[in-house]
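Grab a pencil and work through these short exercises. Try each task before you read its solution.

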Amino acid sequence: MATIATNRFSPRLPDLFAAVRKRLSHGAAAYITKHSRRAEIEALEAKSDAELARMGLTRDRIVHYVFADRIWF
């Protein structure tokens, strides 16, 4: 009686995993870039203290103001 085993590891499988990891990485980077609020923080930091006071802000509360819809402090 002869037994033949064909449980070979597919050489394409590692390439498939690498492609999936690459797509997830690119997707995460795109999400982070799209939802970044750094530009808004920099714009507020560039304002004078008087302008911030008119908005009801102080410099130490800029980040709290920008992320107020996501995080409650």
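Buried means under 20% relative accessible area, exposed means over 50%, and partly exposed is in between, with a 1.4 Å probe and protein chains only. Keep in mind that this is a predicted model, where local features need pLDDT of at least 70, side-chain atom pairs count only at pLDDT 80 or more, and totals for chains, interfaces and linings use all residues. Residues are numbered from 1 along each chain as its sequence is written, and side-chain values use heavy atoms, with hydrogens and water left out.

**Exercise 1. Get an overview of the chain.**

Task: Find out how many helices and strands the protein chain has, and what its average pLDDT is.

Solution:
- Step 1. Helices (H or I, at least four residues) and strands (E, at least two) are DSSP runs, numbered from the N terminus.
- Step 2. The protein chain has four helices and zero strands, which reads as α-α-α-α along the sequence.
- Step 3. pLDDT is the predictor's confidence in each residue, from 0 to 100. The chain averages 86, and 82% of the residues score at least 70.
- Step 4. Where pLDDT is low, don't read the predicted coordinates in detail.
- Step 5. Buried residues make up 10% of the 73 residues in the chain.

**Exercise 2. Follow arginine 37.**

Task: Decide whether arginine 37 is buried or exposed, and work out which residues it is in contact with beyond its neighbours within four places in sequence.

Solution:
- Step 1. Locate arginine 37: look in the loop between H1 and helix H2 (38-46).
- Step 2. Arginine 37 is buried because its relative accessible area is 16%.
- Step 3. Contact means heavy atoms within 4.5 Å. Leaving out neighbours within four places in sequence, arginine 37 touches Val66, Phe67, Asp69 and Arg70.
- Step 4. Now try salt bridges: a side-chain nitrogen of Lys or Arg within 4 Å of a carboxyl oxygen of Asp or Glu. Arginine 37 makes one with aspartate 69, at 2.6 Å from N to O. This pair links distant parts of the chain, 32 residues apart, as aspartate 69 sits in the segment after helix H4 (62-66).
- Step 5. A polar atom of the arginine 37 side chain also lies 2.8 Å from the backbone oxygen of valine 66.

**Exercise 3. Build a network.**

Task: Which residues do salt bridges with shared partners join into one network?

Solution:
- Step 1. Side chains of opposite charge can pair when their charged atoms come close.
- Step 2. Glutamate 42 pairs with arginine 38, with the closest N and O atoms 3.3 Å apart. Both lie in helix H2, four residues apart, about one turn of the helix.
- Step 3. Arginine 38 also forms a salt bridge with glutamate 45, at 3.9 Å from N to O. Put together, Arg38, Glu42 and Glu45 make one network through shared partners.
- Step 4. Check exposure: arginine 38 is partly exposed because its relative accessible area is 43%, and glutamate 45 is partly exposed at 40%.

**Exercise 4. Join aspartate 49 to a partner.**

Task: How far apart are aspartate 49 and arginine 59 in sequence and in space?

Solution:
- Step 1. Find aspartate 49 in helix H3 (residues 49-54).
- Step 2. Aspartate 49 and arginine 59 are 10 residues apart in sequence, and their C-alpha atoms are 7.6 Å apart.

Note on methods
Polar contact = N/O pair within 3.5 Å; in protein donor to acceptor, adjacent residues only side chain to side chain.
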